[in-house]
Amino acid sequence: MTFLHMYRVSLPISVDLPLILVCRLPVAATTAALYDHALGFGQEVDLIWRTPPSFAAVLYIIDRYVGNAVLLAGVYLCFAGSISQEEYVT
């Protein structure tokens with residue numbers, strides 16, 4: 001029995017609450033992270049890209065852009081059909 005099967009909640013609008021949480025929270029987190037990265041991009045250019053390469057700069061770039069890729073992959077998997085709404089709607 002999966003997590004979604006254990007905590008099924010039927011709503012009057014025929015949408016399962018755990019499915020909403022599973023698919024909407026990654027979208028919100030990804031949006032917030034990408035917005036934060038967009039706000040700080042000017043500082044990133046000044047402090048990281050215009051300076052000589054260093055170990056700290058490499059770690060920063062890996063953390064920043066691999067993290068974005070992981071968040072975007074989570075959103076993609078949510079909407080790619082790996083979780084089908086029809087399976088969990090009662």
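## Legends to the close-up views

**Figure 1. Confidence along the chain.** In this predicted model, confidence reaches its lowest mean, 50, in helix H1 (residues 3–6) and its highest, 91, in helix H3 (residues 41–49). Over the whole chain the average pLDDT is 76, and 64% of the residues score at least 70. Where pLDDT is low, the predicted coordinates should not be read in detail.

**Figure 2. The chain as a whole, an arrangement of five helices and zero strands.** Followed along the sequence, the helices give the pattern α-α-α-α-α. The chain has 90 residues, of which 19% count as buried, and its accessible surface comes to about 6,500 Å², with 70% of that area belonging to carbon and sulfur atoms. When contacts between residues at least 6 apart in sequence are considered, 64% of them join residues that are at least 24 apart.

**Figure 3. Helix H4 (residues 55–79) and its buried residues.** Helix H4 is made of 25 residues and spans 36 Å from its first C-alpha to its last, which is close to the 36 Å expected at 1.5 Å a residue. Which residues of this helix are buried? They are Ala 57, Arg 64, Asn 68, Val 75 and Cys 78, and two of these residues, Arg 64 and Asn 68, return in the views that follow.

**Figure 4. The salt bridge between Arg 64 and Glu 44.** The structure holds two salt bridges, and in the one shown here the closest N and O atoms of Arg 64 and Glu 44 are 3.3 Å apart. Arg 64 lies in helix H4 and Glu 44 in helix H3, so this pair ties together parts of the chain that are 20 residues apart in sequence. Are the two partners buried or exposed? Both Arg 64 and Glu 44 are buried.

**Figure 5. The salt bridge between Arg 50 and Asp 46.** Here the side chains of Arg 50 and Asp 46 meet with a distance of 3.1 Å from N to O. Arg 50 has a relative accessible area of 64% and is therefore exposed, whereas Asp 46, at 43% relative accessibility, counts as partly exposed.

**Figure 6. The surroundings of Asn 68 in helix H4.** Asn 68 has a relative accessibility of 10%, and because buried means under 20%, this residue counts as buried. What does Asn 68 contact, once its neighbours within four places in sequence are left aside? Asn 68 is then in contact with Leu 34 and His 37. A further residue to look for in this view is Ala 33, which is 35 residues away from Asn 68 along the chain, while the C-alpha atoms of the two are separated by 7.7 Å.

**Figure 7. A nonpolar patch on the surface, formed by Val 58, Ile 62, Val 66 and Val 70.** Together these four residues have about 340 Å² of accessible area. Val 58 is found in helix H4, and Val 70 lies in that helix too. With a relative accessible area of 56%, Val 70 is exposed, because the cut-off for that term is over 50%. Val 58, at 43% relative accessibility, counts as partly exposed. Between the C-alpha atoms of Val 58 and Ile 48, which are 10 residues apart along the chain, the separation is 9.0 Å.

Conventions:
Residues numbered from 1 in each chain as written. Predicted model: local features only at pLDDT ≥ 70, side-chain atom pairs only at ≥ 80, totals over all residues. Heavy atoms only, no water. pLDDT = per-residue confidence, 0-100. Helix = DSSP H or I, 4+ residues; strand = E, 2+ residues; numbered from the N terminus. Buried < 20%, exposed > 50% of the residue type's maximum accessible area, 1.4 Å probe, protein only. Contact = heavy atoms within 4.5 Å. Areas by Shrake-Rupley, 256 points an atom, 1.4 Å probe, with all protein chains shown as cover. Patch = residues over 30% accessible without salt bridge, like charges linked within 9 Å, V, L, I, M, F, W, Y side chains within 5 Å. Expected span 1.5 Å × (residues − 1).
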